[in-house]
Amino acid sequence: MTALVSGLRECGVDLRRTEFFITHAHVDHFGLASTLATDGARIYSSQADAAEINAAAAPGYWEREANFARMRGFPEEELKKLFANHPARTYMSEGPISFSILKDGDKISIGDYLFKCIETPGHTEGHICLYEPNKKIFICGDHMLIDITPNILLLSDARNSLKEYLVSLDKVYDLEVELVLPGHGSIFRDQKERIRELKQHHQIRLEEVISILGKGKQNVFQIASQMTWDIGCKSWDSFPPAQKWFAFGEAMAHLKYLEEEGKVGRETQEQGIVFFTEVSNA
Ligand SMILES: [Zn+2]
């Protein structure tokens with residue numbers, strides 16, 4: 001709060017005349033919005049992510065996520081450690097937020113700027129970007145990052161987040177952009193080049209998951225532990241619980257994608273769900 005308020009002050013932002021646009025339902029992107037918003041200030045979000053933010057503050061939400069992970073091999077003691085200081089819980093805003101809902105194609109006019117909303121599901125179900133066609137500025141939240149790849153999680157069987165994400169990358173490929181303003185790390189200019197890199201990255205990950213499953217049927221946690229991660233830890237065992245959680249969700253997103261492509265199957269055993277390919281069954 002202190003850092004944000006002093007940064008806003010440095011930019012000359014008057015909070016009494018400020019509205020809030022939430023790119024997506026992750027706590028590092030909205031956690032302080034309701035605290036900063038003065039009376040009557042609108043907080044904009046997509047419908048899906050507004051619902052997600054308010055659902056996460058309601059009882060039962062975390063237990064559902066824990067059960068999903070448990071069924072897919074996430075160890076009990078790791079879950080305990082995770083939920084003891086999960087950042088999404090620690091920094092969650094208090095009480096439900098009353099959002100102003102935006103959808104694809106809606107426009108926001110502020111001074112010399114006219115921003116167009118572009119829904120880009122994938123990183124979250126209701127992720128939304130802002131594009132300024134005259135100034136060719138693209139505010140992309142966590143849809144594209146340049147220093148790291150955005151985390152594509154799946155913590156429910158109802159979606160295919162990686163498929164959504166790849167479609168959303170194609171959706172913004174042809175935009176004329178001169179400046180990309182992402183939610184983390186460095187700004188960049190060439191979104192087309194970054195989109196090609198991100199698509200290739202996920203292609204390599206999909207192949208990696210197939211190759212891991214060549215060793216036999218495995219649960220999601222086991223698969224995640226063998227994927228390549230670039231987070232500066234010596235081994236999987238030394239990953240902090242939150243990083244294991246992100247890795248688990250990312251592995252699940254790739255498995256679901258492969259499953260819908262018919263390349264991976266699943267089997268429910270007594271201990272939980274395992275995944276396999278034709279090779280793992282041979
Ligand atoms: Zn995010």
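Colleague: Which residues of α9 are buried?

Modeller: In this predicted model, the buried residues of α9 are Q191, R194, I195, L198, H202, R205, L206, E208, V209, I212 and L213. Each of them earns the word because its relative accessible area is under 20%.

Colleague: How do you know that the span of helix α9 agrees with its number of residues?

Modeller: Helix α9 covers residues 191-213, which is 23 residues. At 1.5 Å a residue they should span 33 Å, and the end C-alpha atoms are 33 Å apart, so the two values agree.

Colleague: Nice! And what makes D190 a cap of α9?

Modeller: A side-chain oxygen of D190 lies 3.2 Å from the backbone nitrogen of K192, at the N-terminal end of α9. A polar contact needs such a pair within 3.5 Å, so this one qualifies.

Colleague: Over to the strands. Why is β7 called largely enclosed?

Modeller: Strand β7 takes in residues 137-141, and four of the five are buried, so the rest of the structure largely encloses it.

Colleague: How do you know that β7 pairs with β6 and with β8?

Modeller: Pairing takes at least two bridges. Strand β6 (residues 128-132) and β7 have three, in the antiparallel sense, with Y131 opposite F138. Strand β8 (residues 179-182) and β7 have four, in the parallel sense, and here G141 stands opposite P182.

Colleague: What lies between β6 and β7 in their hairpin?

Modeller: Four residues lie between those strands, and K136 in the hairpin takes a positive phi near 55°.

Colleague: Which elements make the right-handed β-α-β unit?

Modeller: That unit is made by β7, helix α8 (residues 161-173) and β8. It is called right-handed because, with the strands pointing away from the viewer, the path over the helix runs clockwise.

How values were computed:
Residues are numbered from 1 along each chain as its sequence is written. This is a predicted model: local features need pLDDT of at least 70, side-chain atom pairs count only at pLDDT 80 or more; totals for chains, interfaces and linings use all residues. Side-chain values use heavy atoms; hydrogens and water are left out. Helices (H or I, at least four residues) and strands (E, at least two) are DSSP runs, numbered from the N terminus. The expected span of a helix is 1.5 Å times one less than its number of residues. Buried means under 20% relative accessible area, exposed over 50%, partly exposed in between (1.4 Å probe, protein chains only). A polar contact is a pair of N or O atoms within 3.5 Å; within protein, one must be able to donate a hydrogen and the other to accept it, and residues adjacent in sequence count only if both atoms are side-chain atoms.
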